[in-house]
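Let's take a friendly look at one helix and a handful of charged pairs. Keep the sequence and the 3D view at hand as you read.

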Amino acid sequence: MRIEYCSYILKTAELGSITRAAEYLFISQQGLSRAIKAVEQELGVSLFSRSGNQLVPTLAGQTVLSHMRAMAAEYENLKTNLTELSGQQPHSPLTLLVPYNVVNSILPTIVNRLTSDIPHLALSIREEIPPEIPRPENFDAHTLAILCIPDFLLAQCPGIRSGAVVFEEYARGPLMALVSSSSPLSALPLLPAERLKTLPLAGQQLEMAMVRHILGDEACPLNTFMASSRFSLYRSLIAKGMAVGLSSTVLERFTRPQPLVLVPLDAKVDIVWGCAYLREFPPTGAAAAALELTKSLLEPNHAY
């Protein structure tokens, strides 16, 4: 069995999906499926069964996964020992879990500083939806999440509520409507939530969830103009007066100047910024450096 098949199968079990695992591993779905099949044929067992849309390990698969975790850890120890014997500098592994609004604000600064300050940094970046990030299964000793998330969603995260995942808050700012400076809405002292739901909205599904939370109606139909991961595209549409978005005072400090105006909402939602990590693995090495850098970028902007 090829050693990389261990990481393939472990990641498939973690994500419960061949599609998501293949995207994370940067391999084809067909290649990942072939790898799983090859291991199943070699061991004579089925590793996964399907439950709804999720792949779950079989009883035999759970035993195999346990051994694979040990094999993967031992292989990493072997590589480290051989690196030390050869006199080379070992790689400093770090995985950053980030939502799109971190990607488009403070992440470039963090990456530039880390890669400059830490030789041989092995950096991996995973962009995910904020509520999905603080799950304990997403973390290991080399993982740090940089979060920008509504306070009500943070409070609902099972990993945070159970205490398995630690969240350190560095800044927060109110959620506000983001409109074109040429729009009549920009002159409003306050935008009523009821009016917000009648406007064409631009953003991602997270923004839609925040509007529904403000309205107190999770099933409320919204006049959604666009839901996209293209941050620059939907901000451009807002600047042209074609839609209304949502943003926070913290985020706007890090974005490029555009003809955009923040208008307060009549309902209070705070956007919280900070870092999260597994309580079992407090940040060390590159993860600790990333945490301190994030903290230094956000803390001066703590009061609004």
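A salt bridge here is a side-chain nitrogen of Lys or Arg within 4 Å of a carboxyl oxygen of Asp or Glu. Side chains of opposite charge can pair when their charged atoms come close. Please keep in mind that this is a predicted model.

The structure holds twelve salt bridges. Three of them are set out below.

| Pair | Closest N to O | Relative accessibility |
|---|---|---|
| Arginine 2 and glutamate 4 | 2.6 Å | arginine 2: 48%; glutamate 4: 25% |
| Glutamate 132 and arginine 135 | 3.8 Å | glutamate 132: 34%; arginine 135: 22% |
| Arginine 172 and aspartate 270 | 3.1 Å | arginine 172: 28%; aspartate 270: 10% |

Look again at the pair of arginine 172 and aspartate 270, whose side chains meet in a salt bridge. This pair links distant parts of the chain, 98 residues apart: arginine 172 belongs to strand E6 (residues 165-180) and aspartate 270 to strand E11 (residues 270-278). Is aspartate 270 buried or exposed? Buried means under 20% relative accessible area, so aspartate 270, at 10%, counts as buried. Arginine 172, at 28%, counts as partly exposed.

Now for the helix. H1 covers residues 4-15 and spans 17 Å from its first C-alpha to its last, close to the expected 16 Å. Nine of its twelve residues are buried, leaving H1 mostly covered; among them are Tyr5, Cys6, Ile9 and Lys11. Lys11 also joins Glu14, Arg126 and Glu128 in a network of salt bridges. Just after H1 comes glycine 16, with a positive phi of about 70°.

Notes: Residues are numbered from 1 along each chain as its sequence is written. This is a predicted model: local features need pLDDT of at least 70, side-chain atom pairs count only at pLDDT 80 or more; totals for chains, interfaces and linings use all residues. Side-chain values use heavy atoms; hydrogens and water are left out. Helices (H or I, at least four residues) and strands (E, at least two) are DSSP runs, numbered from the N terminus. The expected span of a helix is 1.5 Å times one less than its number of residues. Buried means under 20% relative accessible area, exposed over 50%, partly exposed in between (1.4 Å probe, protein chains only).
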